[in-house]
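Work through these exercises with the structure open beside you. Try each task before you read its solution.

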Amino acid sequence: MRPSLTRLASAATQGGGGGGGGLRPRPTALLPPIPLYRRLLRAHRKHLPADMRVLGDEYIKAEFRAHRSIDNPSHLIGFLTEWQLYAQKIEGDAWAGDKIEQGKLEKMSEEQIHQLYELMQAIQKHRGEGGSG
């Protein structure tokens with residue numbers, strides 16, 4: 001990603017983005033894309049079972065590749081924020097059994113819903129092959 005995007009990501013957390021009241025944890029500082037990417041892969045390596053790690057790593061790689069050329073600053077900040085919150089959940093083992101918020105689900109495009117459905121099918125397939133299905 002371009003250096004300007006990295007500066008934008010770090011500036012977004014310093015300026016204070018006002019308020020979305022929710023109960024989710026707020027990241028202390030928004031990480032730039034490359035350090036966040038590494039943190040995510042490291043969190044998977046430390047906190048996920050091997051079969052789930054492979055699936056998660058492939059998903060992260062595909063998402064970061066697909067969003068490599070984001071030009072819209074609000075999309076970039078949203079992308080990085082959500083992945084950083086995900087990393088915090090994985091590192092804190094708070095992800096097991098967690099469900100997506102209804103508000104986030106309603107804001108998703110049809111393509112995103114389809115991606116989520118494919119991810120669910122892949123997880124179910126892994127569980128079935130792993131002998132727990």
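The exercises below go from the overall fold to the core, the salt bridges and the surface.

This is a predicted model, where local features need pLDDT of at least 70, side-chain atom pairs count only at pLDDT 80 or more, and totals for chains, interfaces and linings use all residues. Residues are numbered from 1 along each chain as its sequence is written, and side-chain values use heavy atoms, with hydrogens and water left out.

**Exercise 1: The fold**

Task: Find how many helices and strands the protein has, and what share of its residues is buried.

Solution:
- Step 1. Count the elements. The protein has six helices and zero strands. Helices (H or I, at least four residues) and strands (E, at least two) are DSSP runs, numbered from the N terminus.
- Step 2. Read along the sequence. The pattern is α-α-α-α-α-α.
- Step 3. Look at burial. Of the 133 residues, 22% count as buried. Buried means under 20% relative accessible area, exposed over 50%, and partly exposed in between (1.4 Å probe, protein chains only).

**Exercise 2: The core**

Task: Name the residues of the largest nonpolar core, and say which helix supplies the largest share.

Solution:
- Step 1. Recall the term. A nonpolar core is a set of buried Ala, Val, Leu, Ile, Met, Phe, Trp, Tyr and Cys residues joined through side-chain atoms within 4.5 Å.
- Step 2. List the members. The largest such core has twelve residues: Leu30, Leu36, Leu40, Leu41, Ile60, Phe64, Ile70, Leu76, Phe79, Leu80, Trp83 and Ala87.
- Step 3. Assign them to helices. H2, H3 (50-66) and H4 (73-91) each supply at least two residues of this core. The largest share, five residues, comes from H4.

**Exercise 3: Salt bridges**

Task: Find how many salt bridges the whole structure holds. Then take each pair in turn.

Solution:
- Step 1. Start from the principle. Side chains of opposite charge can pair when their charged atoms come close. Here a salt bridge is a side-chain nitrogen of Lys or Arg within 4 Å of a carboxyl oxygen of Asp or Glu.
- Step 2. Count. The search finds three salt bridges.
- Step 3. Take Glu91 and Arg39. Their side chains meet at 2.7 Å, N to O. Glu91 lies in helix H4 and Arg39 in helix H2, so the pair ties together parts that are 52 residues apart in sequence. Glu91 is partly exposed, at 32% relative accessibility. Arg39 counts as buried, at 17%.
- Step 4. Take Arg53 and Asp57. The closest N and O atoms of this salt bridge are 3.5 Å apart. Both residues lie in helix H3, four residues apart, about one turn of the helix. Arg53 is partly exposed, at 32% relative accessibility. Asp57 is buried, at 11%.
- Step 5. Take Glu82 and Lys104. Their side chains meet at 2.8 Å, N to O. Glu82 lies in helix H4 and Lys104 in helix H5 (residues 102-107), so this pair ties together parts that are 22 residues apart in sequence. Glu82 has 32% relative accessibility and counts as partly exposed. Lys104 is partly exposed too, with a relative accessible area of 28%.

**Exercise 4: Far in sequence**

Task: How far apart in space are the C-alpha atoms of Leu85 and Leu30? Do the same for Lys61 with Leu41, and for Ile34 with Phe64.

Solution:
- Step 1. Leu85 is in helix H4. Its relative accessible area is 7%, so Leu85 is buried. The C-alpha atoms of Leu85 and Leu30 are 9.8 Å apart, with their places 55 residues apart along the chain.
- Step 2. Lys61 sits in helix H3 and is partly exposed, at 25% relative accessibility. Lys61 and Leu41 are 20 residues apart along the chain, and their C-alpha atoms are separated by 9.1 Å.
- Step 3. Ile34 belongs to helix H2 and is partly exposed, at 45% relative accessibility. Ile34 and Phe64 are 30 residues apart in sequence and 9.4 Å apart in space, C-alpha to C-alpha.

**Exercise 5: Arg45**

Task: Where is Arg45 found, and is Arg45 buried or partly exposed?

Solution:
- Step 1. Arg45 is in helix H2 (residues 33-47).
- Step 2. Its relative accessibility is 48%, so Arg45 counts as partly exposed.
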